[in-house]
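Subject: Structure handover and what turned up in it

Hi,

Here is the structure I promised to pass on to you. Please have a look at it first, and then read on for what I found.

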Amino acid sequence: MGAQLQASTASRRTFIGLGGAVLAAGLSTSARGAASPGWPAVSAPEDGHAETRYLAIDVAGLEIFYREAGPAAAPVVLLLHGFPTSSRMFRNLIPMLADKYRVIAPDYPAFGHSAVPSRSDFPYTHARLSEVVEALIDKLGVRRFAMYVMDFGGPIGYRLMLKYPDRVTGVVVQNTPAFGEPIEGPLWADELAYWKDGSPAHRDAVRSKLTPDAVRHQYVAGAREPSLIDPDNWTIDSALLARPGVDEIMLDLLYDIRNNRQTVADARNLFKAHQRKVMIATGVNDPLFPGASMKPPADMPDIEFHPIDSGHFALEDHCAEIGSLTRGFLARVMPA
């Protein structure tokens with residue numbers, strides 16, 4: 001197809017709760033419409049609040065949804081989301097950056113409003129998702145960019161950084177492996193067993209991480225004020241996870257985490273060589289990636305480190321703080 005598509009209305013779909021189960025009634029797997037590839041990003045209005053466009057584009061036969069805001073000619077900031085969410089996690093950060101930067105936040109295949117190719121046609125690995133993101137930014141004409149990576153976005157973005165180190169001007173790291181995988185203790189027991197043999201029994205044990213209660217826990221665990229966390233977050237994420245076949249896709253990706261160790265190790269070496277191009281702003285109360293695992297080691301004293309008093313999804317209750325830190329960092333590594 002190749003034509004950039006018009007703004008999606010999928011984000012306005014209604015999610016209906018029935019008998020405690022979350023249903024994605026009539027939710028499309030992708031955004032639809034048509035527009036020209038040259039459609040410009042939106043410049044910030046005079047009041048300083050940039051508008052966000054909700055777009056989709058064909059990438060190697062897959063319809064990939066993305067959010068975009070900011071001046072078309074401005075330096076690019078690529079926002080790469082985590083699991084089990086989508087580019088929606090950046091909805092509050094995007095307008096904080098878009099007055100000076102062209103901000104692009106895609107949904108990976110099977111996440112958010114992007115297409116959901118079958119497992120038989122598409123290998124669901126972090127390496128393949130990184131290739132899709134690379135093809136997307138190439139199609140959008142992006143050559144140099146800074147990145148903000150979170151959770152799955154870490155190994156996905158690190159692969160881009162390692163492949164094109166001269167194209168990445170800086171990296172903001174939030175609640176994702178930076179110096180090694182923190183896979184110790186009972187929290188990771190199911191995953192460790194699953195990674196060891198991939199057996200159906202161990203795969204089913206990890207399935208518990210996809211339940212609505214588990215998704216909600218990822219948002220509220222470590223948050224000092226859970227009342228600041230919008231329940232729409234886990235309601236929408238759970239509805240998208242409940243689409244037919246998506247659970248098996250997510251289990252494939254959770255299994256593939258075992259293949260990210262070398263990527264994380266290589267990223268660590270690159271971080272050490274370019275410490276001033278890295279900022280870590282992370283929720284230190286996160287049970288998955290606690291602050292101790294995110295703190296730069298002694299041989300990387302020039303990496304900027306900001307412990308945020310929050311959990312895994314720190315942008316939900318500390319977006320103003322993280323957004324301000326990110327703007328300051330970007331002004332140093334990629335002046336607008």
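To start with one residue: is arginine 119 buried, partly exposed or exposed? With a relative accessible area of 43%, arginine 119 is partly exposed. Please keep in mind throughout that this is a predicted model.

**Salt bridges**

Arginine 119 has a charged partner: its side chain meets that of aspartate 252 in a salt bridge, with 2.6 Å from N to O. This pair links distant parts of the chain, as arginine 119 sits in the loop between S7 and H2 while aspartate 252 belongs to helix H8 (residues 246–256), 133 residues apart. Unlike its partner, aspartate 252 is buried, because its relative accessible area of 16% falls under 20%.

The structure holds 18 salt bridges. Another of them joins glutamate 68 to arginine 102, and here the closest N and O atoms are 2.6 Å apart. Glutamate 68 is part of strand S5 (residues 62–69) and arginine 102 is part of strand S7 (residues 102–106), so this salt bridge ties together parts that are 34 residues apart in sequence. Both glutamate 68 and arginine 102 are buried.

A third example is the salt bridge between the side chains of lysine 272 and aspartate 299, at 3.2 Å from N to O. Lysine 272 lies in helix H9, and aspartate 299 in the loop between helix H10 (291–294) and strand S11 (304–308), so the pair links distant parts of the chain, 27 residues apart. Lysine 272 is partly exposed, with a relative accessible area of 41%, and aspartate 299 is also partly exposed, with 35%.

Some salt bridges share partners, and these join Arg119, Arg203, Asp204, Arg207, Asp247, Glu248 and Asp252 into one network. The pair described at the start, Arg119 and Asp252, belongs to this network.

**Helix H3**

Helix H3 (residues 153–163) is mostly covered, with nine of its eleven residues buried. Those nine are Gly153, Gly154, Pro155, Ile156, Gly157, Tyr158, Arg159, Leu160 and Met161. What do the buried residues of H3 pack against? Their partners are two helices, H2 (126–139) and H9 (261–273), together with the strands S6 (76–80), S8 (145–150) and S9 (168–174).

Leucine 162 lies in helix H3 too, but it counts as partly exposed, at 30% relative accessibility. Leaving aside neighbours within four places in sequence, leucine 162 is in contact with Thr263, Asp266, Ala267 and Leu270. For leucine 162 and leucine 270, the C-alpha atoms are separated by 7.8 Å, although the two residues are 108 apart along the chain.

**The largest pocket**

You may also want to look at the pockets. The largest pocket contains about 460 Å³ of space. Of the 23 residues that line this pocket, Trp188, Glu191, Lys209, Gln218 and Leu288 are the closest to its centre. Which helix gives the most to the lining? Helix H6 (residues 212–220) does, with three residues. Sorted by class, the lining of the largest pocket has 13 nonpolar residues, five polar ones and five charged ones.

Happy to talk any of this over once you have had a look.

Best wishes

Note on methods: Residues are numbered from 1 along each chain as its sequence is written. This is a predicted model: local features need pLDDT of at least 70, side-chain atom pairs count only at pLDDT 80 or more; totals for chains, interfaces and linings use all residues. Side-chain values use heavy atoms; hydrogens and water are left out. On a 1 Å grid over the protein atoms alone, a cavity is a set of points where a 1.4 Å probe fits but cannot get out, and a pocket is an open set with protein on both sides within 12 Å along at least five of seven lines; lining residues have an atom within 4 Å of a point. Grid points are joined across faces, edges and corners, and a volume is the space filled by probe spheres set on the points. Helices (H or I, at least four residues) and strands (E, at least two) are DSSP runs, numbered from the N terminus. Ala, Val, Leu, Ile, Met, Phe, Trp, Tyr, Cys and Pro count as nonpolar, Asp, Glu, Lys and Arg as charged, and the others, Gly among them, as polar. Buried means under 20% relative accessible area, exposed over 50%, partly exposed in between (1.4 Å probe, protein chains only). Contact means heavy atoms within 4.5 Å. A salt bridge is a side-chain nitrogen of Lys or Arg within 4 Å of a carboxyl oxygen of Asp or Glu.
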